[in-house]
Amino acid sequence: MEKSIRNELISLLINNYDQFISGEEISRRVGCSRAAIWKHIEELRHEGYEIEARPRSGYRLIYRPDRIAPEEILPYLHTDRFGREMRYEPTTPSTQVIAHQWAREGAPEGALVIAEEQKQGRGRLGRTWHSPPQTGIWMSLILRPPIPLTDASHLTLLASVGVREGMYRVTGLPIRIKWPNDLLIDGKKVCGILTELRGEQDRVHYVILGIGINVNADVNQWPDDIKDVATSLAKEKGTKIHRPPLVAAILEELEQIYDRYLREGFSFIREKWEETAGMLSQTITARTTQGSVTGVAMRLNEQGALLIRTATGITPVYSAEVEWDAGGNRS
C-alpha cells in the first residue's frame with residue numbers, strides 16, 4: 001500500500017511538473033491523508049527531489065534526480081506486461097542473477113530487474129560489462145515464450161531490433177546492429193544484449209534478456225581498454241539523456257515486436273534486423289569454435305544464422321565473434 005501511494009504521488013507530481021497541485025487534490029487522487037502525503041514528500045526530498053510547498057497553493061515539483069526507479073519509469077510506460085512488475089536495485093552484482101532467481105520463483109512474463117549500478121555485469125563470452133552508477137541502463141527482462149528450443153535464437157535478434165527501435169525513438173541517433181545483438185554508433189558499441197534461457201527437451205521455461213546501455217557515461221573515465229571501442233548516447237547526442245522515458249520506450253518497442261513475433265513468426269524480425277544491420281555486404285571475419293570464416297556478410301537464414309559468402313560457397317554461422325572494418329570495433 002505504501003509503495004502504491006508513493007508511486008501515485010510521484011506520477012501525479014511528474015504529470016503536473018512545475019505546477020502547483022493542492023494537498024487536498026493530492027489526498028483525493030492518491031487516497032491517503034494529508035499528513036501521510038507530507039511524510040512521503042519529506043522522504044522524496046531526502047532522495048534528491050526538490051518539491052516546493054506553498055500555503056493555499058499546495059506542492060510543486062521543481063527538480064527530480066535522474067533515477068530509474070519504478071515510480072520514475074511508470075508515468076512514461078504504456079505496456080500491457082513488460083515492466084509492469086519491477087525490482088529496482090540501487091546497486092547489485094548483476095541484474096541477470098536476480099532475474100534468474102525471480103524467474104525460478106514464478107515471476108510473470110515481462111517482469112523487469114533494473115539497477116543503477118552493477119558490480120559484476122556480464123557480457124557475451126563471459127566478458128565483464130562496465131556498469132558505473134547512474135550513467136546507464138542495466139536491466140534484465142523475463143520472458144516466457146511458447147516456442148520450441150530450436151527457435152530460441154530468434155529472441156536474441158528480436159531483442160536487438162526492439163532495443164534499437166526504442167533507443168532510436170528517443171534519441172534519433174544512427175544506431176546500427178552488429179550480429180547478433182550489439183548496437184553501434186559509428187562503429188562504437190553503445191549497447192550490449194545478453195540472452196540466457198532455461199529449458200528442457202523441446203520446451204523453453206523462461207528467457208532472460210540482459211540489456212546494458214551506455215547512456216550518460218563520461219567516456220573519459222572509462223578503462224583504457226574500452227575507450228576506443230565504446231561510446232555513450234550522451235556523447236553522440238551532445239546532451240544528457242533522461243533515462244526513465246528511454247527505459248519505457250525500449251520496453252514498449254520490445255513488447256510490440258515480441259507479441260507480433262508470437263503471432264506472425266520470424267520473417268518480419270529478419271527483415272527489420274537486416275534493414276538496420278551495419279555489416280551486410282561487408283567483408284567480415286567470424287571467429288567460431290571450429291575456426292575462422294572470412295567472406296561477405298549476406299543475410300540471415302530462417303534460424304537466425306548469419307550467411308557468409310566465401311570463396312567456396314555460402315556458410316551459415318550460428319555463434320561467433322565477428323570483426324569487420326567499422327571503426328576498429330570488435331564484439
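This is a short talk on the overall build of one protein, one of its helices, its cysteines and one buried glutamate.

What you have in front of you is a predicted model. I'll start with the whole chain. The protein has 10 helices and 14 strands. Its radius of gyration is 22 Å, close to the 20 Å that the globule rule gives for 331 residues, so the protein is as compact as a globular protein of that length. The C-alpha trace spans about 80 × 45 × 30 Å along the principal axes.

Of those 331 residues, 53% count as buried. About 15200 Å² of the protein is exposed, and carbon and sulfur atoms supply 46% of that area. As for contacts, take those with a separation of 6 or more: residues 24 or more positions apart account for 62% of them.

Next, helix α3, which covers residues 34-46. Does its length agree with what a helix should give? At 1.5 Å a residue, the 13 residues should span 18 Å, and the end C-alpha atoms are 19 Å apart, which agrees.

Which residues of α3 are buried? They are Ile37, His40, Ile41 and Leu44. These four cover an arc of only 105° around the axis, which puts them on the same side of α3. The general background is that an α-helix has 3.6 residues a turn, so residues three or four places apart point the same way. On the face turned away from that buried side, α3 carries the exposed residues Ala35 and His46. Just after the helix comes Gly48, with a positive phi of about 105°.

Now the cysteines. How many disulfides does a search of the whole structure find? The count is 0. For that search, a pair of cysteine sulfur atoms had to lie within 2.5 Å. Two cysteines to look at are Cys32 and Cys191. Cys32 has a relative accessible area of 13%, so it counts as buried, the cut-off being under 20%. Cys191 is buried as well, with a relative accessible area of 0%.

Last, Glu252. This residue is found in helix α9, residues 243-264. Is it buried or exposed? Glu252 is buried, at a relative accessible area of 6%. What does it touch, leaving out residues up to four places away in sequence? Its contacts are Tyr76, Leu77, His78, Thr79 and Arg169. If you have the model open, Glu252 and Arg169 are one such pair to bring up on screen.

That is the end of the talk.

Note on methods. Residues numbered from 1 in each chain as written. Predicted model: local features only at pLDDT ≥ 70, side-chain atom pairs only at ≥ 80, totals over all residues. Heavy atoms only, no water. Helix = DSSP H or I, 4+ residues; strand = E, 2+ residues; numbered from the N terminus. Expected span 1.5 Å × (residues − 1). Buried < 20%, exposed > 50% of the residue type's maximum accessible area, 1.4 Å probe, protein only. Arc of directions from axis to C-beta. Contact = heavy atoms within 4.5 Å. Rg over C-alpha atoms; globule rule 2.2 N^0.38 Å. Areas by Shrake-Rupley, 256 points an atom, 1.4 Å probe, with all protein chains shown as cover.
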